[in-house]
Amino acid sequence: MTGRFDLVCFKLYAAVDHSGYQMSKHLADLKDLHPTVEELRSAARWTRTQDASEGFEGELIRILAAIGAGNADAQL
(Lines give C-alpha, C1' and ligand atoms only; values in the text may rest on other atoms or scores of the structure.)
Protein backbone atom coordinates (compact mmCIF):
# COMPACT_ATOMS: atom_id res chain seq x y z
CA MET A 1 0.00 0.00 0.00
CA THR A 2 1.19 3.47 -0.76
CA GLY A 3 -0.14 7.01 -0.84
CA ARG A 4 -3.84 7.61 -1.27
CA PHE A 5 -4.86 4.02 -0.56
CA ASP A 6 -2.96 4.09 2.75
CA LEU A 7 -4.84 7.24 3.71
CA VAL A 8 -8.22 5.72 2.81
CA CYS A 9 -7.37 2.63 4.89
CA PHE A 10 -6.20 4.59 7.92
CA LYS A 11 -9.11 7.04 7.80
CA LEU A 12 -11.64 4.23 7.46
CA TYR A 13 -10.08 2.36 10.36
CA ALA A 14 -10.01 5.50 12.53
CA ALA A 15 -13.58 6.43 11.56
CA VAL A 16 -14.80 3.01 12.69
CA ASP A 17 -12.66 3.14 15.83
CA HIS A 18 -14.15 6.55 16.74
CA SER A 19 -17.66 5.71 15.55
CA GLY A 20 -19.26 6.60 18.87
CA TYR A 21 -18.89 10.24 17.90
CA GLN A 22 -21.60 11.89 15.82
CA MET A 23 -19.16 13.04 13.13
CA SER A 24 -15.51 12.30 13.79
CA LYS A 25 -12.75 14.19 12.04
CA HIS A 26 -11.66 10.89 10.53
CA LEU A 27 -15.07 10.27 8.98
CA ALA A 28 -15.13 13.83 7.61
CA ASP A 29 -11.61 13.36 6.20
CA LEU A 30 -12.63 10.06 4.62
CA LYS A 31 -15.66 11.66 2.97
CA ASP A 32 -13.44 14.48 1.67
CA LEU A 33 -11.25 11.90 -0.09
CA HIS A 34 -14.29 10.76 -2.14
CA PRO A 35 -13.12 7.14 -2.19
CA THR A 36 -14.56 4.82 -4.80
CA VAL A 37 -16.57 1.78 -3.75
CA GLU A 38 -13.66 -0.41 -4.83
CA GLU A 39 -11.23 1.60 -2.67
CA LEU A 40 -13.63 1.24 0.25
CA ARG A 41 -13.98 -2.52 -0.29
CA SER A 42 -10.21 -2.94 -0.31
CA ALA A 43 -9.76 -0.64 2.67
CA ALA A 44 -12.51 -2.47 4.57
CA ARG A 45 -10.76 -5.79 3.98
CA TRP A 46 -7.52 -4.26 5.26
CA THR A 47 -9.20 -2.89 8.41
CA ARG A 48 -10.48 -6.40 9.19
CA THR A 49 -6.85 -7.59 9.34
CA GLN A 50 -6.32 -5.05 12.11
CA ASP A 51 -9.49 -5.85 14.10
CA ALA A 52 -11.42 -9.03 13.40
CA SER A 53 -13.96 -8.60 16.19
CA GLU A 54 -17.69 -8.79 15.51
CA GLY A 55 -18.19 -5.38 17.10
CA PHE A 56 -15.70 -3.77 14.74
CA GLU A 57 -17.31 -5.47 11.76
CA GLY A 58 -20.73 -4.14 12.74
CA GLU A 59 -19.42 -0.59 13.08
CA LEU A 60 -17.50 -0.94 9.81
CA ILE A 61 -20.69 -1.89 7.98
CA ARG A 62 -22.52 1.03 9.60
CA ILE A 63 -19.79 3.50 8.58
CA LEU A 64 -19.72 2.17 5.01
CA ALA A 65 -23.48 2.70 4.79
CA ALA A 66 -23.13 6.20 6.28
CA ILE A 67 -20.75 7.25 3.49
CA GLY A 68 -22.93 5.82 0.77
CA ALA A 69 -21.14 2.52 0.22
CA GLY A 70 -23.62 0.24 1.92
CA ASN A 71 -22.93 -2.62 -0.47
CA ALA A 72 -19.17 -2.40 0.06
CA ASP A 73 -19.52 -4.78 2.99
CA ALA A 74 -20.58 -7.58 0.64
CA GLN A 75 -16.97 -8.59 0.05
CA LEU A 76 -15.55 -8.31 3.57
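**Exercise 1. A salt bridge between Arg48 and its partner**

With which residue does the side chain of Arg48 meet in a salt bridge? State the distance, and classify both partners as buried, partly exposed or exposed.

*Solution.* The structure is a predicted model.

Step 1. The partner of Arg48 is Glu57, and the N to O distance of this salt bridge is 3.7 Å. The cut-off for such a pair is 4 Å.

Step 2. Arg48 has a relative accessibility of 18% and counts as buried, because buried means under 20%.

Step 3. Glu57, at 28% relative accessibility, counts as partly exposed. The bridge thus joins a buried residue, Arg48, to a partly exposed one, Glu57.

**Exercise 2. Salt bridges within helices**

How many salt bridges does the count come to? Examine the pairs Asp29 with Lys25 and Glu59 with Arg62, and give the separation of the partners along each helix.

*Solution.* Side chains of opposite charge can pair when their charged atoms come close.

Step 1. The count comes to seven salt bridges.

Step 2. Asp29 and Lys25 form one of them, at 3.2 Å from N to O. Both residues belong to helix H2, and because they are four residues apart there, about one helical turn separates them.

Step 3. Lys25 is exposed, its relative accessible area being 59%. A network of salt bridges links Lys25 and Asp29 with Lys11.

Step 4. In the salt bridge of Glu59 with Arg62, the closest N and O atoms are 3.0 Å apart. These two residues lie three residues apart in helix H4, about one turn of the helix.

Step 5. Glu59 counts as partly exposed at 27% relative accessibility, and Arg62 counts as partly exposed at 40%.

**Exercise 3. The geometry and buried face of helix H4**

Test whether the end-to-end distance of helix H4 agrees with its number of residues, then determine how its buried residues are arranged.

*Solution.*

Step 1. Helix H4 comprises the 13 residues 54-66. The expected span is 1.5 Å times one less than the number of residues, which gives 18 Å for H4. The C-alpha atoms at its ends are 18 Å apart, in agreement with this expectation.

Step 2. Phe56, Leu60, Ile63 and Leu64 are the buried residues of H4. Viewed down the axis of H4, they fall within an arc of 100°, and therefore they line one face of the helix.

Step 3. The cover over these buried residues includes helix H1 (4-17), helix H2 (25-33) and helix H3 (37-50).

Step 4. After H4 comes Gly68, with a positive phi near 85°.

**Exercise 4. The two sides of helix H2**

Which residues of H2 are buried, and which exposed residues does the face turned away from them carry?

*Solution.*

Step 1. The buried residues of H2 are Leu27, Leu30 and Leu33. Because they cover an arc of only 115° around the axis, they are on the same side of H2.

Step 2. The face turned away from this buried side carries the exposed residues Lys25 and Asp32.

Step 3. H1, H3 and H4 are among the elements that cover the buried residues of H2.

Step 4. H2 is followed by His34, which has a positive phi near 50°.

**Exercise 5. The nonpolar core**

How many residues does the largest nonpolar core have, and which element gives the most to it?

*Solution.*

Step 1. The largest nonpolar core has 18 residues, and those with the most contacts inside it are Leu12, Leu40 and Leu60.

Step 2. Two or more residues of this core come from each of H1, H2, H3 and H4.

Step 3. The element that gives the most is H1, with five residues.

**Exercise 6. Aromatic pairing across the chain**

Describe the aromatic pair of Phe10 and Trp46, and place it within its cluster.

*Solution.* A pair of aromatic rings is described by the distance of the centres and the angle of the planes.

Step 1. The whole structure holds three aromatic pairs. In the pair of Phe10 and Trp46, the centres are 5.4 Å apart and the planes make an angle of 80°. The pair is edge-to-face, because the angle is over 60 degrees.

Step 2. Phe10 is in helix H1 and Trp46 in helix H3, 36 residues apart, and the pair thus links distant parts of the chain. Phe10 is also 37 residues from Thr47 along the chain, and their C-alpha atoms are separated by 8.1 Å.

Step 3. Phe10 is partly exposed, with a relative accessible area of 45%, whereas Trp46, at 19% relative accessibility, counts as buried.

Step 4. Phe10, Tyr13, Trp46 and Phe56 form one aromatic cluster.

Definitions and conventions
Residues are numbered from 1 along each chain as its sequence is written. This is a predicted model: local features need pLDDT of at least 70, side-chain atom pairs count only at pLDDT 80 or more; totals for chains, interfaces and linings use all residues. Side-chain values use heavy atoms; hydrogens and water are left out. Buried means under 20% relative accessible area, exposed over 50%, partly exposed in between (1.4 Å probe, protein chains only). The arc is that of the directions from the helix axis to the C-beta atoms. Contact means heavy atoms within 4.5 Å. A nonpolar core is a set of buried Ala, Val, Leu, Ile, Met, Phe, Trp, Tyr and Cys residues joined through side-chain atoms within 4.5 Å. Rings of Phe, Tyr and Trp (its six-membered ring) pair if their centres lie within 6.5 Å; planes under 30 degrees apart count as stacked, over 60 as edge-to-face and the rest as tilted.
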